[in-house]
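Please load the model in a viewer and keep the sequence panel open beside it. The stops below are meant to be followed in order, each beginning with a selection.

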Amino acid sequence: MNTNDPNDMREENNMDGYLKIDKYNPEKITSLSNAYLQVLKDIGEDSNREGLLKTPERVAKAMQFLTHGYDLDPTEILHSARFREDYQQMVIVKDIEIYSLCEHHILPFFGKAHVAYIPDKYIVGLSKIPRVVEAYARRLQVQERLTTQIRDCIQETLKPLGVAVVIEAHHLCMQMRGIQKQNSVTTTSAFHGEFENDRTRSEFISLIGKRFI
Ligand SMILES: [Zn+2]
């Protein structure tokens, strides 16, 4: 991030309230834009028609945003808000929205993640759980690996008594192409520690309100 850029300073000085500033790596944008310009040509489009003139750059920026998880360190996110606490009951963060890209087709998959852990000496700021999910989701992924990466990160960083992760998602690579199953939902789950025992797992499943696992 370059905060010395005079354009940025002007924007920040003129703001009335909250201002969201998107920043991109200019070299990557140029390189990605060139690649997407070639894609437009290869699919037979006229890349000079008005509606497409800025498309390569827009897609380049979208792609940089959609994969910004590579620049995030989920372990650091959890370490930054880890607090000592004696609470030893289940903590659940459910219905975390996820938007990811399948690594086989670079098409979106999206849905909800439900995460639970049972603390052992340490808890974490609740907003950090969705941020860990986001850090792994905003990469090229498969749903299975996304699920276990979230579990393992929480397990290794907080060393809780148990971790549970359930993800339900729609995959556009299934819905728009291939077998065109429009309403299928893929569910993945990963459990560790106390969640490997039936009673704790059932309690978690009933608390997130699901019947299919
Ligand atoms: Zn796919």
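The tour goes from the whole chain to the metal site, the sheet and the nonpolar cores.

**The whole chain**

Begin with the complete chain in cartoon representation, bearing in mind that this is a predicted model. Eight helices and seven strands are present. Of the 213 residues, 37% are buried. Colouring by solvent exposure brings up a surface of about 12,800 Å², of which carbon and sulfur atoms supply 49%. Contacts between residues 24 or more positions apart make up 68% of those with a separation of 6 or more.

**The zinc site**

Next, select the zinc ion and display the side chains of Cys102, His105 and Cys173. The coordinating atoms are SG of Cys102, ND1 of His105 and SG of Cys173, at 2.2 to 2.3 Å. Along the chain, these donors follow the spacing C-x2-H-x67-C. Histidine 105 and cysteine 173 link distant parts of the chain, being 68 residues apart. Histidine 105 belongs to the loop between strand 2 (91-102) and strand 3 (108-118), whereas cysteine 173 is in helix 7 (residues 172-175).

Is histidine 105 buried or partly exposed? Its relative accessible area is 34%, so histidine 105 counts as partly exposed. Cysteine 173, with a relative accessible area of 10%, is buried.

**The sheet**

Now hide the side chains and select the strands of the open sheet. Five strands form this sheet, in the order 5-2-3-6-7 and with mixed pairing. At its edges are strand 5 (140-141) and strand 7 (186-193), each of which pairs on one side only.

Which strand is joined to strand 2 by nine bridges? The partner is strand 3, and the two run antiparallel. To view one position in this pairing, select glutamate 97, which stands opposite lysine 112 in strand 3.

Continue across the sheet to strand 6 (162-171). Strand 3 and strand 6 run antiparallel and are joined by ten bridges. Select isoleucine 118 and glycine 162 to see a facing pair, the glycine being in strand 6. Glycine 162 also has a bridge partner in strand 7, namely glycine 193. Strand 6 and strand 7 are antiparallel as well, with eight bridges between them.

How many of the ten residues of strand 6 are buried? Nine are, and the strand is mostly covered. Add helix 6 (residues 143-158) to the selection: this helix lies across strand 2, strand 3, strand 5, strand 6 and strand 7. Helix 6 runs at about 155 degrees to strand 6.

**The largest nonpolar core**

Switch to spheres for Val115, Tyr117, Ile129, Leu146, Ile150, Ile154 and Ile167, which have the most contacts inside the largest nonpolar core. This core has 29 residues. Two or more residues come from each of helix 4 (74-79), strand 2, strand 3, helix 5 (128-137), helix 6 and strand 6. Helix 5 gives the most, with six residues.

Select helix 5 next. Seven of its ten residues are buried, and the helix is mostly covered. The buried set consists of Lys128, Ile129, Val132, Val133, Ala135, Tyr136 and Ala137. These residues pack against helix 4, strand 2, strand 3, strand 4, strand 5 and helix 6. Within helix 5, centre the view on isoleucine 129. Apart from neighbours within four places in sequence, isoleucine 129 is in contact with Val93, Ile96, Val115, Tyr117, Val124 and Ile154.

**Two contacts of isoleucine 129**

From there, move to valine 124, in strand 4 (residues 122-124). Valine 124 has a relative accessible area of 4% and is therefore buried. Residues up to four places away in sequence aside, valine 124 touches Leu78, Ala81, Arg82, Tyr117, Ile129 and Leu158. A distance label between the C-alpha atoms of valine 124 and histidine 79 should read 8.1 Å, although the two are 45 residues apart in sequence.

Then select tyrosine 117, in strand 3. Tyrosine 117 is buried, with a relative accessible area of 2%. Its C-alpha atom is separated by 9.1 Å from that of glutamate 194, 77 residues apart along the chain.

**The second core**

The final stop is a return to the cores. Besides the core of 29 residues, a second, separate core of ten residues includes Ile118, Ala164, Phe195 and Ile205. Of these, isoleucine 118 was visited earlier, opposite glycine 162.

Technical notes
Residues numbered from 1 in each chain as written. Predicted model: local features only at pLDDT ≥ 70, side-chain atom pairs only at ≥ 80, totals over all residues. Heavy atoms only, no water. Helix = DSSP H or I, 4+ residues; strand = E, 2+ residues; numbered from the N terminus. Buried < 20%, exposed > 50% of the residue type's maximum accessible area, 1.4 Å probe, protein only. Contact = heavy atoms within 4.5 Å. Areas by Shrake-Rupley, 256 points an atom, 1.4 Å probe, with all protein chains shown as cover. Donors = N, O, S within 2.8 Å, 3.2 Å for Na, K, Ca; no water. Pairing = 2+ DSSP bridges. Axes fitted to C-alpha atoms, helices over the stretch in contact; angles between N-to-C directions. Core = buried A, V, L, I, M, F, W, Y, C linked by side-chain atoms within 4.5 Å.
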